[in-house]
Amino acid sequence: MAKSAEMQKFKGTPGQIRRQRIERTGAIVISLVLAAWILVNLLKSPQQVAQVAVLGLRNGLLYALIALGYTLVYGIIELINFAHGDLFMLSAIFSSYFITVWFKQDESNPAGWLTFISALFAVMAFGAVINVLIERLAYRRLRNAPRLAPLITAVGMSFLLNFIGLKWNGSTPRQWPSVIPNNDIYIGEVRINMTTILLLLVGVPLLLALNFIVTNTKSGKAMRATAQDKQAAALMGINVNKTIAFTFAIGGAMAGAAGLLYQQSIGTTNYNLGFQLGLIAFTSAVLGGIGNLWGAVVGALLIGLVQGLNDGLPIAFGQQWSQTVVFAILITILVFKPAGLLGKVTTEKV
Amino acid sequence: MSTALVKPQNVTRSNRKWIIGYSIAGAFLYFVYQFLLNWEGLPLGIYDAINRWMPPAAVNESLVYVIMALGLNIVVGYAGLLDLGYVAFWAIGGYCAGWFMSEFFYFLKIHFFGAVPAEAPGIHINFWLVLIIGGFVCAFFGALIGAPTLRLKSDYLALVTLGFGEIIPQIFFNGENFFGFNISNGTKGIVQVDPIPVGFKDLGPFDFGWKLLIFLFLAAVMVFISLRLRRGRLGRAWLAIREDELAASMMGVPLMRTKLLSYAVGAFAGGLGGVAFATHVNGVYAERFNFAISIFLLAMVVLGGMGNVWGVILGAFVLSWVNGNGLSAFGALYNERFGTEIDFASFTFLLFGLVLILMMLFRREGLLPESRLKLVLHEGDIDEREASGKKAR
Amino acid sequence: MSNVLEAKNISVAFGGLLAVNSVDFDIPKRKIVSLIGPNGAGKTTLFNVLTGLYKPSVGTISYEGKDITDLPPHKIASIGIARTFQNIRLFGLMTAQENLLVAMHSKLKSGITSTILRTPKQRREESEAEDKAQYLLDYVGVGKWTYEFARNLSYGDQRRLEVARALALDPKVLLLDEPTAGMNPQETGVFIDFVRRLVSEKDISVMLIEHDMKVVMSVSERITVLDQGEKIAEGTSDQIKSNARVIEAYLGRAKEGRA
């Protein structure tokens, strides 16, 4: 469409400009407060800041793997898949059983390593299959139903998976042995556990692989087309059902991998793990801009960092307010910048 | 279609028949629990059966759930806004009772027609007044929580309510030291709230029969409010928003105001329920206000039939009974008979999950649907022309 | 002043896209004017701007001399600018009567307490509103469907009900977005007569978006032509018919235009 000279200069209506200004001021204020907070802590105990930052970023990476499942699914069918966090929880329990109960590995040796690698593939397949089943059995039938219906179904699904977790894992947290090395290495005075490094070694390639799938492969292109416009995609010969199932599959596989990594690095599983972590991961996805892959990763790292700092720093709200801090971030973002940090605004069609 | 000339039942005004039916049902319950259960000539078998399957405490608790579910129904069923954090109002209402009807503020000594001796420390305000205070405090918070969500899409809105539903209970949970103040006694909870004064008698924690009447009355108030509002100007605006938000705004319905009112009225019921629940369990305990409660309430509304007051009452009764007593009673019986040791209480998650999923998949309108909702929820399923051809009521 | 509504220099941008570019137009009192143009010309966008759904990036809208550019949609509706939708947007599972009562929301006064207590004043107000709704339903010719769910009405009746709902706002300006779409020629004729009657009997001005050129040419006092977000012509039907740019806009891309 034509662009007149006047419109070239156009930056928005007075309302929009005011809003942009508020947004920008808010962002600056928040960043300044954060910076000041970190600085004060840094002056007090620099080693501790670095230490909790490492921990926070490690958690952030885990959140990122889970957040991707949310963001992919939301991107394609606009559904908040509440059950996704619980899928992660089930994957963690599955990993525990796979390694410790079925293959009876409990220490870090070549056999343990081998089991870990096969567990990675197994749990990713597990997550993918379960997620596809959920989509097939529940969500697909509700694709054209009013928004409320699939959302409520997803909440119900979350409860259902919770129940399976409860029966599988028991009602109390369970400790599991780790098959990956547990020694620490030191960079300066900052202690970095080997599990953290392993998380990086597995998590980062996974993220890159996912990015490759979505941007470069045929299936990935079909996904993006379907996300844009299902009808048009169908007209172009894309099998929409298959594409959506594929999306659930890779989202589920990511959650599966996250489950294994969590179980191996933290060592505990619990049936209600999914709810909290799921919400944190979803917050990450929203923070980054839902539907945006790298947004989810950036959001997750940020949330992990903030949470880590809050839980571990001398001057902070402390761990008992962890949830509140995360949800406060969620609400603030949703209210003031629903499109997220890297997302873009959409308007409703009439 | 020719029957349309007659006013269909669902739009007739002043249908007061329900009050009679409700009173009869209420009187029956009251009779059973106040007299029959205390009658010495009652055969032991019946006495045991009632106590096993439907003990007085379970009936009262179900009624509290009814009050809450009716409130949630205004938000979810009428206005079509998904609220996943309704437990926040339960908590706020509960702490209103905890603050104003106990010795929690031991350093104060404020009495206002309370049901305790005048020398007791703490704030002791009359139960009925606290009900109203709790209702309005919740309504205020309902609007406050609702305000930032108003411009959001429906699913984001669900998340923000969920967020508040987590934050508010956590504040109470950690409330023993909230910026230096003790606002909730934290995990210890506030134990012992004042009895309910009803003129001739003060109802303590074990006056189940009388409290049954009070809870029945509160539920009736909510039914009355729901029905009246539904048929008035505000109810129509809520429904219009549920049907088509954009068209509603183009027809002069102020979206923000109308949605806020639905939050406020819904939260009001949460306040009533919270205060009632505090007197029911004779205390306020932070760990009881968890996310699951919000979902239980949602399942009640969904099971019964979103938007239909009677459906919601049915759903609330059935599910709260199952959750509170039915499942464990059944489990005990089953284990006894078959010598098994299955933990039936743990099946609540399965049950509530299944209720939500199966209802949404196969009977979205609920067990007792509001006639109109039955259609909207099957929008995708029925051909337009077919629907209008079939229709004759 | 002879114009009930004036829009000056309206531009609407979505991101980098200019949907409407510096368009001026006005709606004279008690007249029927039309807005035409190929698909994607920005006609509905313009309606959305007039009803406050979109805010114009540049430009002002005044209604009866007052600036209404920054008013929210429900305010604009309640002061007298009513519309219908291209794809009917009734409240499907509310009765025909309720649909109209929703539109009277801003005129009714009763609040929560008076509704719960059902005060005499509230009851009187409600029954008056119902009478008015019935009058309007009769007026547009769907009076027998008062208690029928809107979605059960036939297509033509739904269009009529939508107009009745718009009229329930007591509008001075009525914006009709492709009201005859999907109607057969006979229904179209009846509808057009109805719109004429509306303008002559009630103090209403009508702006019409329409693809059916026969309708447009026969009914409009003045026609505004949009193409790619810009106003390319304005005038009586004879002037438009012979305007070279209009012909080019339509015929030059005959594949796009449905007219």
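1. A good place to start is the domain boundary in chain C: six residues of domain 1 of chain C are in contact with four residues of domain 2 of chain C, where contact means that C-beta atoms, placed from the backbone, lie within 7 Å. By class, the side of domain 1 that touches domain 2 has two nonpolar, three polar and one charged residues. Here Ala, Val, Leu, Ile, Met, Phe, Trp, Tyr, Cys and Pro count as nonpolar, Asp, Glu, Lys and Arg as charged, and the others, Gly among them, as polar.

2. Please keep in mind that this is a predicted model, in which local features need pLDDT of at least 70, side-chain atom pairs count only at pLDDT 80 or more, and totals for chains, interfaces and linings use all residues. Residues are numbered from 1 along each chain as its sequence is written, while chains are lettered from A and ligands numbered from 1 in the order in which they are written.

3. In chain C, domain 1 covers 1–80 + 171–259 and domain 2 covers 91–165; these bounds come from an automatic or database domain assignment. The C-alpha centres of the two domains lie 27 Å apart.

4. On overall form, the radius of gyration of chain C is 19 Å, which agrees with the value near 18 Å for a compact globule of 259 residues (taken over C-alpha atoms; the rule is 2.2 Å times the number of residues to the power 0.38). Along the principal axes, the C-alpha atoms of chain C fill a box of roughly 65 × 40 × 35 Å. Of the contacts in chain C with a separation of 6 or more, 67% join residues 24 or more positions apart.

5. Chain C has 10 helices and 10 strands, which are DSSP runs numbered from the N terminus (helices H or I, at least four residues; strands E, at least two). Four of the strands form an open antiparallel sheet in the order β2-β1-β4-β5, with pairing taken as at least two DSSP bridges between strands. The edges are β2 (17–28) and β5 (66–67). Inside chain C, β1 (residues 3–14) and β4 (residues 58–63) are joined by five bridges, and C:A7 has C:I61 as its bridge partner in β4(C).

6. Finally, the largest nonpolar core has 306 residues, and B:A69 is one of those with the most contacts inside it. Such a core is a set of buried Ala, Val, Leu, Ile, Met, Phe, Trp, Tyr and Cys residues joined through C-beta atoms within 7 Å, buried meaning 20 or more other C-beta atoms within 10 Å of a residue's own. Helix α3 (residues 46–77) of chain A gives the most to this core, with 17 residues.

Notes
Contact = placed C-beta atoms within 7 Å. Buried ≥ 20, exposed ≤ 12 C-beta atoms within 10 Å, placed from the backbone.
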